[in-house]
Each structure stands twice: as C-alpha cells, then as structure tokens.
Amino acid sequence: MAATFLGYARDTGRAGVRNKVLLLPIDRYSNQVAWTIDQTVAGLSRFTCPGDMGRHARDRDRLFRIMLGLIRNPNVASVLMLTVRADFNYPETRAQRLLDAAADCGKPIELVTIDGEGGVGRATLAGERIARQLARAASAQPRVEAPLGDLSVGIKCGVSDGTSGISGNPALGSAMDRLVAAQGTVIFSETTEIIGAEHLLAARASDEETGRRVLAMAGRVEAAARAVGEDIRSINPIPSNIKAGITTLEEKSLGAIAKGGTTALRGALDHGVAPDAPGLYFMDGWMAANSLPVALAAAGAQIIVLQSGGGDMPFDPPVPVINPALISPTMFMSGNPQLAAKMPVGLDFDASDVLSGTRSLAEIGDALLDAFVATASGRLTWGETQKYVEVQELWFDGPFF
Amino acid sequence: MREDDGTNGPGALCLHEGDDVAVMRDAGNEGARCVVVTTRERYALALATDVPFGHKVALRDIEAGERVVKYGQPIGVATARIPAGAHVHIHNLAGLNATSTSAETY
C-alpha cells in the first residue's frame with residue numbers, strides 16, 4: 001500500500017492530482033465566450049454557469065460557493081474568469097467576491113470582462129491569449145511526491161443493485177477506512193439515500209451537532225417530497241434498483257452508507273462546502289449523477305469514485321457519467337461480476353471478488369486504495385480517455401422566480 | 001462457473017450475522033440446493049421459488065407482519081408469509097414507513 005502519490009504541489013494546502021486550467025464564466029452571457037475559447041485553446045476545463053438570475057440569496061450564495069470551491073480545488077493550477085462586467089451579477093456571485101475569497105490560494109486567477117474588452121469578440125480574443133499562456137505555464141509544472149493524506153475522495157453511488165450493499169460498497173468502505181487512517185478525506189452524499197439509515201449515520205457522528213445536522217438534512221428531503229404529495233419511498237429506490245433486487249429505501253440506504261467506511265463522521269457539510277480537516281464527511285446533496293460530482297469537486301475532492309451495482313445496465317455500456325466533475329477524474333467501480341463481464345472497457349476497478357468470496361474485504365480495500373493512488377499519480381480514468389464532458393446541472397433549493 | 005463444491009448449485013452471501021435474508025450470487029431455480037455462505041457457516045438451502053441474481057432469498061420462515069433484517073437492521077415488513085428459500089422482494093416486503101405519510105394530513 002503506497003503512502004504517497006505523485007501530485008502537483010500548491011502554494012497552500014493539499015497537492016493536486018491534475019493540473020487544470022479552469023475556464024470559469026460566472027454569468028450566462030459569458031458562457032458563449034468561454035465555449036468559443038474552449039474550441040481553440042487546448043487543455044482547458046470549462047465550467048458552464050447556470051447564472052444567478054431568478055434565484056434567492058441563499059441559492060446565489062450556493063452558486064458562489066461552488067464556483068469558489070472549484071477555484072480552490074487542488075487540481076486547479078490557474079483560472080480564467082469571465083464576466084460581463086464587475087457589477088453585472090448580484091453581489092453574492094460577483095467576480096471581486098470570488099477573487100477576494102480565493103486570494104489566499106496563491107494561484108493565478110485572470111479576469112476578463114466583456115465590457116472591459118469592448119464586446120464579446122474582443123473579450124474572446126483576449127481570453128484566448130490568456131488561456132494559452134495559462135495552459136502553457138501549467139504544463140511546465142512537474143509532479144512531485146505528496147502524502148496520501150493530501151487526497152480527498154468524493155463518493156457517488158450509481159445504479160445500485162443487490163450487489164452494491166454486500167460487495168462494491170463495503171469494498172469501497174474498506175479502502176476509505178484506509179485513506180482516513182492515512183489522514184485523508186472522504187466525502188459521501190446523496191441525502192435521499194441515507195433515509196432509513198440516518199439514525200445509524202447520526203450515531204457515528206463525532207459530535208452532537210453533526211448528528212443533529214444529518215437528521216435535519218434527511219428530514220428536509222422527506223418534507224420536500226411530502227410537499228409535492230409524494231412519499232420519498234415512491235421516488236427512491238428507482239425502477240432499475242428494484243429490477244436488480246433492491247426492495248425498500250431502508251435497504252438501499254443501509255447498503256449505501258457502507259461505502260463511506262466505518263470511521264467516525266466528522267461533519268455534515270452544506271452542499272459544495274469543503275471540510276477544514278481530514279476525516280469522513282457527509283455532504284447534503286442531490287442524487288443526480290450530473291450534479292453531485294461537481295459539488296464534491298467544489299468541496300475539495302480531487303478524485304470522484306462512482307460505485308455502481310449496475311445490475312440493470314446494458315451490455316458494453318458507456319461509463320454512465322463521463323467527466324461529470326470537470327476538474328476531478330471519476331473512477332468507475334463495481335462489485336458486480338456480471339457488470340464487469342459486460343464491460344470490457346470502462347471499469348476502473350472490479351471489486352466483484354468480494355461477492356465470489358475469492359478475496360477478502362481487506363485485500364480488496366488495499367488493491368482499491370492502490371488504484372486511487374495510480375489515478376492520483378496521473379493514470380487516466382476510463383472516463384478521462386473520452387473527451388465528452390457531461391452537462392452539469394447544479395443543485396439549488398429553490399423556489400425559483 | 002465455480003468449482004463443484006458438492007452441491008453444484010447457486011450460492012447466496014450473507015455478511016451480517018443474524019440477517020433474515022441473503023443475496024444471491026447466482027440465479028437460482030425453484031427446488032435447487034443453494035449454498036448459503038455466512039460469516040460463520042456454510043449450508044445448503046432448498047430454494048422455494050426462483051430467485052434472480054442479486055436478489056434476496058429468505059433464510060428462515062417469515063410471517064406476515066414480521067420485520068425483515070438485512071445488514072443487521074430492519075429493511076421492511078413482510079406483507080405476506082415468506083417461507084425459507086423463497087424470493088423476498090416487492091411482492092412480499094414493504095418499507096417500514098411506506099404508508100405512514102399517506103395517513104397524515106397537511
């Protein structure tokens with residue numbers, strides 16, 4: 001089991017596992033400028049801004065936190081921020097607030113404004129020039145040895161089935177216990193998926209406030225479903241879970257919390273907020289696979305893992321979410337031997353030996369942690385071998401106006 | 001295919017002692033001898049119904065209204081009698097709070 005990985009040292013904080021130039025439009029008008037720059041400049045990671053209009057102050061603040069979290073993520077070497085003009089947005093999401101809040105990172109953050117450059121065309125040309133400089137500068141930085149404890153892993157579940165809870169999730173939990181023991185950070189989420197098991201999770205909290213927050217987060221989801229006349233249990237488990245053998249939400253949730261491992265829960269984070277110390281965290285969040293990974297990246301995760309049952313997936317499926325975290329690679333794993341057999345390309349880790357009984361959980365946990373280290377040190381995930389980037393849909397509370 | 005272990009039938013895995021159900025690691029047909037592997041033992045169980053891969057099989061007779069335990073925790077309530085060896089799923093198991101909200105008024 002490796003104690004280090006090869007990463008990109010940062011002036012402050014943890015090392016990155018990638019060295020991304022983040023192209024960050026902070027309003028909707030600037031999305032087009034960013035898109036055009038992205039067509040001509042190689043090696044950029046482009047955010048698409050959903051904009052702050054029609055949103056209340058708390059949701060505008062969430063948008064700010066996610067954009068700030070992406071800037072601060074150790075995988076980001078530098079940032080090209082784009083906006084119409086300095087005071088175009090509501091105060092919560094303005095460029096200066098982001099620049100101030102990210103100043104202590106010490107990473108280059110360049111700002112181009114459409115008004116300041118004299119229109120979209122000129123802003124695009126100015127942005128291209130800066131983006132090329134940032135991309136070239138980032139490429140010159142070598143990887144250096146970094147402690148395993150610098151790693152933060154964000155966890156997403158996908159296409160849960162009967163194998164998830166007894167095979168893939170415990171295997172991942174075993175690796176995450178090892179990462180936490182090495183002073184690393186683990187963040188799991190999907191508030192819908194702790195319902196029925198929230199009391200068990202709350203009991204693992206290292207302090208009372210964390211336990212209370214976990215219960216409150218689960219309660220809010222139940223209440224939100226009731227407000228639209230639904231029992232959350234009729235929304236989740238989803239049809240493919242049921243077809244693959246999961247019967248009740250309690251069952252799905254009990255299997256789901258195994259993926260975080262067995263260590264004490266250090267905190268219950270608001271959506272997209274980075275923890276301030278190592279350990280295991282729960283983050284309030286939506287179950288959608290095109291939404292959660294980018295929020296986990298905003299919370300500082302340099303690697304996302306998608307633990308999939310996959311019992312109901314077709315033959316030779318594509319990776320179900322492709323580069324959904326923009327700046328953090330996504331490892332796709334499963335503990336289902338049928339999925340592994342159906343997927344000759346695309347599975348980053350096969351944990352199905354737990355189900356067959358041919359390797360112990362501890363052995364699989366070691367092997368999985370080694371796979372995280374290989375990814376951290378630069379090996380592409382199968383998702384990263386594809387250029388496609390899934391469209392993001394950020395999670396907001398609403399209501400919308 | 002796994003090695004012939006004397007039963008040459010499907011297998012089921014139960015990682016938590018005292019659970020009422022195990023998860024099938026192969027598909028099994030009614031009447032087949034299923035090898036159940038738990039944390040402390042390994043025994044044969046005759047399947048009372050077909051049970052698909054990844055689905056749950058009852059390890060004991062469960063009466064309607066009884067709580068069903070998996071992962072050491074109740075995952076729901078039996079809505080019908082479930083004999084040992086039978087498929088446990090939405091036709092005979094419901095979530096613990098599945099009907100509680102519909103009775104409440106807002």
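A residue counts as exposed when its relative accessible area is over 50%, as buried when that area is under 20%, and as partly exposed in between. The structure described here is a predicted model. Glu208(A) has a relative accessibility of 64%, so it is exposed. Its partner in a salt bridge is Arg212(A), with a separation of 3.6 Å from N to O. Arg212(A) reaches a relative accessible area of 48% and is therefore partly exposed. Both residues belong to helix α8 of chain A, which spans residues 208–227. They lie about one helical turn from each other because four residues separate them in that helix.

Salt bridges were searched for over the whole structure, and 25 were found across all chains. Another in chain A joins the side chains of Asp353(A) and Arg359(A) at 2.8 Å, N to O. Asp353(A) is partly exposed, at 23% relative accessibility. Arg359(A) is also partly exposed, with a value of 30%. In chain B, Glu66(B) and Arg60(B) form a salt bridge of 3.0 Å, N to O. Glu66(B) is partly exposed at 26%, and Arg60(B) is partly exposed at 28%. Shared partners also link salt bridges into a network, made up of Arg58(A), Arg62(A) and Asp397(A).

Chain B contains nine strands and zero helices. Its pattern along the sequence is accordingly β-β-β-β-β-β-β-β-β. The chain has 106 residues, of which 42% are buried. Among contacts with a sequence separation of 6 or more, 45% join residues 24 or more positions apart. The exposed area of chain B is about 5,400 Å², and carbon and sulfur atoms supply 49% of that area.

Two cavities of 30 Å³ or more were found in the whole structure. The largest has a volume of about 60 Å³. It is lined by 13 residues, and those closest to its centre are Asp161(A), Gly165(A), Ile246(A), Gly255(A) and Tyr71(B). Two elements of chain A, α6 (164–181) and α11 (249–256), each give two or more residues to this lining. Helix α11(A) gives the most, with four residues.

On the surface, Tyr29(A), Met53(A) and Tyr90(A) make a nonpolar patch of about 340 Å². Tyr29(A) sits in helix α1 of chain A, which covers residues 29–40. With 53% relative accessibility, Tyr29(A) counts as exposed.

Notes:
Residues are numbered from 1 along each chain as its sequence is written. Chains are lettered from A and ligands numbered from 1 in the order in which they are written. This is a predicted model: local features need pLDDT of at least 70, side-chain atom pairs count only at pLDDT 80 or more; totals for chains, interfaces and linings use all residues. Side-chain values use heavy atoms; hydrogens and water are left out. Patches are made of residues with over 30% relative accessible area and no salt bridge: like charges are joined within 9 Å, nonpolar side chains (Val, Leu, Ile, Met, Phe, Trp, Tyr) within 5 Å. Accessible areas come from the Shrake-Rupley method with a 1.4 Å probe; for residues, only the protein chains shown count as cover. A salt bridge is a side-chain nitrogen of Lys or Arg within 4 Å of a carboxyl oxygen of Asp or Glu. Buried means under 20% relative accessible area, exposed over 50%, partly exposed in between (1.4 Å probe, protein chains only). Contact means heavy atoms within 4.5 Å. On a 1 Å grid over the protein atoms alone, a cavity is a set of points where a 1.4 Å probe fits but cannot get out, and a pocket is an open set with protein on both sides within 12 Å along at least five of seven lines; lining residues have an atom within 4 Å of a point. Grid points are joined across faces, edges and corners, and a volume is the space filled by probe spheres set on the points.
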